Amino acid sequence: MTIRLRLCGILAGLLAWQAVALANSPARTEEFGGNDLRDIRLGMAVTELPDSGYVDFYCATDPRHTLTGWKDWRDCPPGTSGARAIRFGYDPMTSKDGTMVAGHPALLTLLVDDGGRVAGLLIETDPKARLYIRKKAFLLGLQAKSRYGAEGWACTEGQPDAGDQPVGGVYLKERCTKTVGGRALVVERNLFRRPDQDTKSFVDETRISILRAKD
C-alpha cells in the first residue's frame, strides 16, 4: 500500500471521461471553459459538429449499425437515460496516429439527447492497443483530472478481489468524481493483474465519463 501511494503521488506530481452515480458528485462553484474533446463541447447542437476529421460512426449498442455521420444520430436507439450513443473515431487522414487522447489510444462515444444536443462523452483507453502503449493507460486519468482542475475531486479506492495482484508493485482501483462548469465527471483508473492473467496480461485502463450535471 505504501509503495502504491508513493508511486501515485510521484505520477500526480509529474503530470501536475453512470448517470445515477454522477448525480451524486459533489457540486462546486469552480468553472470550466473550453471544449471537452477537440472541437466537441457538452451542450452544443449536433448540427454544429463537423464531419471532417471524424470517421467510423456507428451505434454503440450495435456495431453493425453504421452511420454516415453525426446527422444520423436518430437512427441509434435511446438508452435508459434517453440519450443515443454514437461510437466514432478520428480520421487517419488528419490524425496519423489514429484515435488517441492525450497520447493514449482511445474508444470514443458521443451521447445525444432528444433535443439533438451533446449530452455527454465517454472516453475509454483501448484494451487492444499494443502493450508498450497500453501499459500506461492508467495515466490518462491523471491527465483528465488535471484538465478539469486538480482540486475538488472526491476519490475512493477499491480493495483487491481474491487472487488479484499488483503490477510493478502497484495495485490501483480508483474512482474519482467532480462537478464543474455544469459537467458531472467520473474518472476511473485500474491497474492490477487478475489471477488468471500471465505477466504480460493485466488490467490497465482509464474510463472517463463527462455528462451534464443535474440541477
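Here is a short tour of the structure, stop by stop.

**Before you start**

This is a predicted model, where local features need pLDDT of at least 70, side-chain atom pairs count only at pLDDT 80 or more, and totals for chains, interfaces and linings use all residues. Residues are numbered from 1 along each chain as its sequence is written, and side-chain values use heavy atoms, with hydrogens and water left out.

**Stop 1: the whole protein**

Switch on the cartoon view. You'll find four helices and 10 strands. Helices (H or I, at least four residues) and strands (E, at least two) are DSSP runs, numbered from the N terminus. Follow the chain and the pattern reads α-α-β-β-β-β-β-β-α-α-β-β-β-β.

Now show the surface. The accessible surface is about 11500 Å², with 52% of that belonging to carbon and sulfur atoms; areas come from the Shrake-Rupley method with a 1.4 Å probe, and for residues only the protein chains shown count as cover. Of the 215 residues, 45% are buried. Buried means under 20% relative accessible area, exposed means over 50%, and partly exposed is in between (1.4 Å probe, protein chains only).

**Stop 2: strand S6 and its partners**

Select residues 118-125, which make up strand S6; seven of its eight residues are buried. Add strand S5 (residues 104-112), which runs antiparallel to S6 and is joined to it by seven bridges. Two strands pair if DSSP finds at least two bridges between them. Look for Ala 106, which stands opposite Thr 125 in S6.

S5 and S6 make a hairpin with five residues between them, and Gly 116 in the turn has a positive phi of about 75°.

Next, add strand S10 (residues 203-212), which pairs with S6 in the antiparallel sense over five bridges. Here Ile 123 stands opposite Ile 208 in S10.

**Stop 3: the aromatic rings**

Rings of Phe, Tyr and Trp (its six-membered ring) pair if their centres lie within 6.5 Å; planes under 30 degrees apart count as stacked, over 60 as edge-to-face and the rest as tilted. By this rule there are six aromatic pairs. Select Phe 57 and Trp 70: their ring centres are 4.8 Å apart and their planes sit at 75°, so this pair is edge-to-face. Phe 57 belongs to strand S1 (residues 54-59), while Trp 70 is in the loop between strand S2 (62-66) and strand S3 (84-90), so the pair ties together parts that are 13 residues apart in sequence. Phe 57 and Trp 70 are both buried.

Now add Tyr 54, Phe 88 and Tyr 90, and you have one aromatic cluster with Phe 57 and Trp 70.

**Stop 4: two arginines in strand S9**

Strand S9 covers residues 183-192, and Arg 189 lies in it. Is Arg 189 buried or exposed? Its relative accessibility is 2%, so Arg 189 counts as buried. The side chain of Arg 189 reaches the backbone oxygen of Phe 138 at 3.2 Å. Residues in contact with Arg 189 (heavy atoms within 4.5 Å), leaving aside neighbours within four places in sequence, include Leu 172, Glu 174 and Glu 205.

Jump to Arg 183, also found in strand S9. Arg 183 is buried, with a relative accessible area of 6%. Its side chain makes a polar contact with the side chain of Asp 36 (2.6 Å). A polar contact is a pair of N or O atoms within 3.5 Å; within protein, one must be able to donate a hydrogen and the other to accept it, and residues adjacent in sequence count only if both atoms are side-chain atoms.
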